[in-house]
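Trainee: I should like to learn how the features of a structural model are read in order. Please take me through one.

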Amino acid sequence: MSATVPRAVLLAVACAGSAAVADAPEAARIAISAPATGDWTVAYTLPAPAGELVFARSPDNSRAADWATPDGFEIVLEGGSERVRRADGRPFSGVTFGVPPRCRELPKDYAPFMPFGDGGLSFYTGRLFACGGECPDDASWTMSIAAPGRSILVDGERHAALATWRDSGQGRNVYVGQAEPVVTGDVVAMIDSALPQRLRGQLETQIPRFMAYFTQKLGPLGDAPTLFASYDVSPHDGRSGRQGGTLPGQVFTHFYGDAWPSRIDDPALPDELAWFFAHEAGHMYQHDAWVDGNVNA
């Protein structure tokens, strides 16, 4: 995961609205089992048998290296996409993988998992999107996750141990863990309790004020946006960095690597981090406004 990933273009929040998703063709059902320890399992059920399962986003061929593939199946990179096929070439309507819930650096894409230092984690649903054949632009997926003993945060709503939703477009981040988010009428903020108090306290105080200000000046959003800040110093292999990004209705940042404890006390960091969240969240309130020249920019 690079220190900074180019931000995905912010679409109107309405593009991920329930009506648009409900009308989209269902590409697959994706059922996730998330035990407290060990690998997750991700099971795909296709609406009809297909000769291959094609992932919607393939920045590299790392699934073949990371995922446990069942006997008789293989993951290959072909035509710029990772594809799952039976070794005997026969069509199939379902397949299940073992997926390690750990952070991985992906070129020009979001990490599949962002661990929180307090024991929770968020995962990026777009990493799981796949279809029987090439995915159409308007594909949708019915997704479910079982996480015994933990809560699940999807689109600002908490669920106990089990959640189901329809997903589409660029996907979203979903949190699994025990932490309590900061919730107001204008924002849901999941801030890692492992962050130093100076940083966490400033974010918990300022983010709701920023969002209330935007709402007052620019009008409310259809749904309160969700913000994520995670802090994981467990990688001890020399990797260290920070990834920030945006998805429709979401802003997130992830600190990772054992170098951060010696860098986190930078006096400029709390204001810089607060500015990052305020700036990116502010774009949501522009309601798809675009500049048409240097003057308006």
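Mentor: The discussion below moves from confidence to a helix, the cores, the salt bridges, the disulfide and one strand residue.

Trainee: What should be settled before any feature is read?

Mentor: This is a predicted model, in which local features need pLDDT of at least 70 and side-chain atom pairs count only at pLDDT 80 or more, while totals for chains, interfaces and linings use all residues. Residues are numbered from 1 along each chain as its sequence is written, and side-chain values use heavy atoms, with hydrogens and water left out.

Trainee: What average pLDDT does the protein chain have, and where does pLDDT stay under 50?

Mentor: pLDDT is the predictor's confidence in each residue, from 0 to 100. The protein chain averages 88, and 88% of the residues score at least 70. Over residues 1-20 pLDDT stays under 50, and the model has 48 contacts beyond four places in sequence for them; a contact means heavy atoms within 4.5 Å. Where pLDDT is low, the predicted coordinates should not be read in detail.

Trainee: How is the length of helix α3 checked, and what span should its 22 residues have?

Mentor: Helices (H or I, at least four residues) and strands (E, at least two) are DSSP runs, numbered from the N terminus. The expected span of a helix is 1.5 Å times one less than its number of residues. For the 22 residues of α3 (residues 197-218) this gives 32 Å, and the end C-alpha atoms are 31 Å apart, which agrees. After α3 comes Gly219, with a positive phi near 95°.

Trainee: Which residues of α3 are buried, and what do they pack against?

Mentor: Buried means under 20% relative accessible area, exposed over 50%, and partly exposed in between (1.4 Å probe, protein chains only). The buried residues of α3 are Leu199, Arg200, Gly201, Leu203, Ile207, Pro208, Met211, Phe214 and Thr215. They pack against β13 (182-183), β14 (188-191), β15 (226-232) and α4 (269-284).

Trainee: How does one read a salt bridge within α3, such as that of Glu204 and Arg200?

Mentor: An α-helix has 3.6 residues a turn, so residues three or four places apart point the same way. A salt bridge is a side-chain nitrogen of Lys or Arg within 4 Å of a carboxyl oxygen of Asp or Glu. Glu204 and Arg200 both lie in α3, four residues apart, about one turn of the helix, and their side chains meet at 4.0 Å, N to O. Glu204 is partly exposed at 33% relative accessibility, whereas Arg200 is buried at 15%.

Trainee: How many salt bridges are there by this rule?

Mentor: The count comes to 15. One of them joins Asp66 and Arg104, with the closest N and O atoms 2.4 Å apart. This pair links distant parts of the chain, 38 residues apart: Asp66 is in helix α2 (residues 62-66), and Arg104 in the loop between β6 (92-99) and β7 (113-115). Asp66 is buried at 18% relative accessibility, while Arg104 is partly exposed at 27%. Asp88 and Arg86 form a salt bridge as well, at 2.8 Å from N to O.

Trainee: Which residues have the most contacts inside the largest nonpolar core?

Mentor: In soluble globular proteins, nonpolar side chains tend to be buried together. A nonpolar core is a set of buried Ala, Val, Leu, Ile, Met, Phe, Trp, Tyr and Cys residues joined through side-chain atoms within 4.5 Å. The largest has 38 residues, and Tyr44, Phe123 and Ile145 have the most contacts inside it. Strand β10 (residues 140-154) gives the most to this core, with six residues. Apart from it lies another core of 25 residues, among them Val187, Ile207, Ala229 and Phe276.

Trainee: Which cysteines form a disulfide, and what is its handedness?

Mentor: A disulfide is a pair of cysteine sulfur atoms within 2.5 Å, and by this rule the count comes to one. Cys131 and Cys135 form it, their sulfur atoms being 2.1 Å apart. The torsion about the S-S bond is about 115°, so the disulfide is right-handed. Cys131 is buried at 3% relative accessibility, and Cys135 is partly exposed at 21%.

Trainee: Finally, which residues does Ser33 contact beyond its sequence neighbours?

Mentor: Ser33, found in strand β1 (residues 26-33), is in contact with Trp40, Thr41 and Ala146 when neighbours within four places in sequence are left aside. Ser33 and Ala146 are 113 residues apart along the chain, yet their C-alpha atoms are separated by 5.0 Å.
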